[in-house]
Amino acid sequence: METAARFRAAVETRDLAALTELFTEDVRLYSPVKFTPFEGRPAVLGLLGVLLRTFEDFRYVGRLDGAAETSSDGEEAPSQILIFRATVEGKEIHGMDLFQFDGAGLIKELTVMVRPMSAVQTLGAAVLKGLQADGLAPGPTT
C-alpha cells in the first residue's frame, strides 16, 4: 500500500501509532495557521494527535497525484494531495493535505491548507488549546 493511502487509513481509523513509520525523521509539516513549520517526527506526530482529537466528521473526498517543488530544498519531489472535509466546533472546513515524498517513499513534507478563514481561525484556536493541554506549546499568559 502506498504511503498516502496508508496515511489516509491511519487517519480515518485515528491510529496515531500507524503514522509513525510513514515520516522521515526530519519531516516538516506546514500549518495553515503558523508560518514556521513543525519540524521532526515527534513534533509532527504531536500535532497530528491533537488534530485527530480536534476534527469532527473528518473524511477524505479526493486525491490528486503529481510532483511539486519542496519548501525545504527546492527540489521537485513526487507528491500527492488528499482533499478532505471536516467540522471543528461547528465550522465546516474544506482542506487539502499535500504530501511530498523522499526517495524511499516516506513523507518528508506535509503542507495542510484549509478554508474558509473563519474555519482557519477556529481550527487554530482549537489546535493551540490541544497543544497546550499536551504540553507541546506554552500555556496562556496571565
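Student: Before I look at Thr24, what does "buried" mean here?
Tutor: Buried means under 20% relative accessible area. Keep in mind that this is a predicted model.

Student: OK, is Thr24 buried or exposed?
Tutor: Thr24 has a relative accessible area of 8%, so it is buried.

Student: Where does Thr24 sit, and what does it touch?
Tutor: Thr24 is in strand E1, residues 23–30. Leaving aside residues up to four places away in sequence, Thr24 touches Arg41, Asp102, Leu106, Ile107 and Lys108.

Student: Which side chain does the side chain of Thr24 make a polar contact with?
Tutor: That of Asp26, at 3.0 Å.

Student: And Phe23, what does that touch?
Tutor: With residues up to four places away again not counted, Phe23 touches Phe7, Arg41, Val44, Leu45, Leu48, Leu106 and Ile107.

Student: Which residues have the most contacts inside the largest nonpolar core?
Tutor: Phe7, Leu19, Phe23, Phe55 and Ile107. The core has 38 residues. At least two residues each come from H1, E1, H3, strand E3 (56–69), strand E4 (76–88), strand E5 (91–101), strand E6 (107–115) and helix H4 (117–133).

Student: Which element gives the largest share?
Tutor: H3, with seven residues. As a general point, nonpolar side chains tend to be buried together in soluble globular proteins.

Student: Switching to H1. Which of its residues are buried?
Tutor: Thr3, Ala4, Phe7, Ala10 and Val11. Seen down the axis of H1, these buried residues fall within an arc of 125°, so they line one face of the helix.

Student: Why would residues three or four places apart point the same way?
Tutor: Because an α-helix has 3.6 residues a turn.

Student: What follows H1?
Tutor: Arg14, whose phi is positive, near 55°.

Student: New topic: how many salt bridges does the structure hold?
Tutor: Nine. One of them is between Glu21 and Arg6, with the closest N and O atoms 2.1 Å apart. Glu21 is in the loop between helix H2 (16–19) and E1, while Arg6 is in helix H1 (residues 3–12), so the pair links distant parts of the chain, 15 residues apart.

Student: Are those two buried or exposed?
Tutor: Glu21 is exposed at 53% relative accessible area, and Arg6 counts as partly exposed at 28%.

Student: Arg41 came up twice. Which side chain does it meet in a salt bridge?
Tutor: Glu25, at 2.6 Å from N to O. Arg41 lies in helix H3 (residues 41–54) and Glu25 in strand E1, so the pair ties together parts that are 16 residues apart in sequence.

Student: Buried or exposed, for Arg41 and Glu25?
Tutor: Arg41 counts as buried, at 19% relative accessibility. Glu25 counts as exposed, at 54%.

Student: Which residues do shared salt-bridge partners join into one network?
Tutor: Part of it is the salt bridge between the side chains of Asp65 and Arg63, at 3.1 Å from N to O. Salt bridges that share partners join Glu2, Arg63 and Asp65 into one network. Arg63 is partly exposed, with a relative accessible area of 41%.

Student: Last thing, the sheet. What order do the strands come in?
Tutor: Six strands form an open sheet in the order E2-E1-E6-E5-E4-E3, with mixed pairing. Its edge strands are strand E2 (38–39) and E3, each pairing on one side only.

Student: How do E5 and E6 pair?
Tutor: In the antiparallel sense, over eight bridges. Gly95 stands opposite Val114 in E6.

Conventions: Residues numbered from 1 in each chain as written. Predicted model: local features only at pLDDT ≥ 70, side-chain atom pairs only at ≥ 80, totals over all residues. Heavy atoms only, no water. Helix = DSSP H or I, 4+ residues; strand = E, 2+ residues; numbered from the N terminus. Buried < 20%, exposed > 50% of the residue type's maximum accessible area, 1.4 Å probe, protein only. Polar contact = N/O pair within 3.5 Å; in protein donor to acceptor, adjacent residues only side chain to side chain. Contact = heavy atoms within 4.5 Å. Salt bridge = Lys/Arg side-chain N within 4 Å of Asp/Glu carboxyl O. Core = buried A, V, L, I, M, F, W, Y, C linked by side-chain atoms within 4.5 Å. Arc of directions from axis to C-beta. Pairing = 2+ DSSP bridges.
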